[in-house]
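Welcome to a short set of exercises with worked solutions. Have a look at the model first, then try each task before reading on.

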Amino acid sequence: MSYIEDNLQPGEEIKYVANLHFFLFVQPLVFLLLGWWLYGSETAVLHYGGIFLLFIGVVSLVQRLLVKIGSSYAVTNKRVILKTGVISRRAVDLVLAKCEGLHIKQSIWGRIFNFGTITVTTGGATSSYPFIANPLAFRREINTQIG
C-alpha cells in the first residue's frame, strides 16, 4: 500500500482500502489440481495433458500473484486511487468531484462470494479492475465521500 501512502496530498486521508478477493486464485488452483491428477495417469495422452495443465497452472498462478502484489485500491477524502502493475504501472487518480461513473459487475459466483469487477469511467476513458472484494462497500464509500 506504500504507493497510495506515498502519493497522498496534504490534508488527504485514506477512508477505505479495497482488497483483491481470494477467488483470483481459483482458476490456477483448478488447473494445478487437474494437472496433478492427470499427470499420474498411465495413459500417455492424459499424462502429457497433465503436464500441460500443470504448466498452465503455474504460469497462471505466477501471473495472478503478481496482480495481487502490484494492486492497490483506495478511497480518500479527495480522490479514488486505483493502481495495478509490478513492472509496468497503470494508475488512475480520480478526483471525487469529477467522478463520472463507477460500475460494478458481479457474476453469480461474485454475488455468492462477494467480489466483482469495478469499472471506472473518466472523461472518455474506461478502466476495469476485476476480483475486488466487497465492491459495494467500495462504491458506498465513494458516494459517502462525494456527498
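How many bridges join strand β6 to β7, and do the two strands run parallel or antiparallel? Strand β6 covers residues 115-122, and 7 bridges join β6 to β7 in an antiparallel run.

A word on the ground rules: this is a predicted model, in which local features need pLDDT of at least 70, side-chain atom pairs count only at pLDDT 80 or more, and totals for chains, interfaces and linings use all residues. Residues are numbered from 1 along each chain as its sequence is written, and side-chain values use heavy atoms, with hydrogens and water left out.

**Exercise 1. Describe the sheet that contains β5, β6 and β7, and what lies across it.**

Step 1: settle the terms. Strands (E, at least two residues) and helices (H or I, at least four) are DSSP runs, numbered from the N terminus. Two strands pair if DSSP finds at least two bridges between them.

Step 2: order the strands. The open sheet has 3 strands in the order β5-β6-β7, with antiparallel pairing. β5 (101-105) and β7 (125-133) are at the edges with a single partner strand each, so one side of each has no neighbour in the sheet. On average, and ignoring direction, neighbouring strands of this sheet are turned by 20° against each other. Such angles run from 0 to 180 degrees between N-to-C directions, with axes fitted as lines to C-alpha atoms, for helices over the stretch in contact (heavy atoms within 4.5 Å).

Step 3: follow the bridges into β7. G116 has I132 as its bridge partner there, and T119 has S128. A hairpin is formed by β6 and β7 with 2 residues between them, and G123 in the turn shows a positive phi of about 65°.

Step 4: add the helix. α5 (residues 135-146) lies across β5, β6 and β7, and runs at about 165° to β5.

**Exercise 2. Find the salt bridges and say which of them share a residue.**

Step 1: apply the rule. Side chains of opposite charge can pair when their charged atoms come close. Here a salt bridge is a side-chain nitrogen of Lys or Arg within 4 Å of a carboxyl oxygen of Asp or Glu. The count comes to 3.

Step 2: start with E12. E12 pairs with R79, with 2.9 Å between the closest N and O atoms. This pair links distant parts of the chain, as E12 is in the loop between α1 (2-6) and β1 (14-18) and R79 is in strand β3, 67 residues apart.

Step 3: turn to D93. The side chains of D93 and R79 meet at 3.1 Å, N to O. D93 belongs to strand β4 and is 14 residues apart from R79. Together, E12, R79 and D93 are linked in a network of salt bridges.

Step 4: complete the list. E13 forms a salt bridge with K15, the closest N and O atoms being 3.2 Å apart.

**Exercise 3. Are the residues of these salt bridges buried or exposed?**

Step 1: recall the classes. Buried means under 20% relative accessible area, exposed over 50%, and partly exposed in between (1.4 Å probe, protein chains only).

Step 2: sort the residues. E12 and R79 are both buried, R79 having a relative accessible area of 6%. D93 is partly exposed at 40%. E13 also counts as partly exposed, at 44% relative accessibility, and K15 is partly exposed at 38%.
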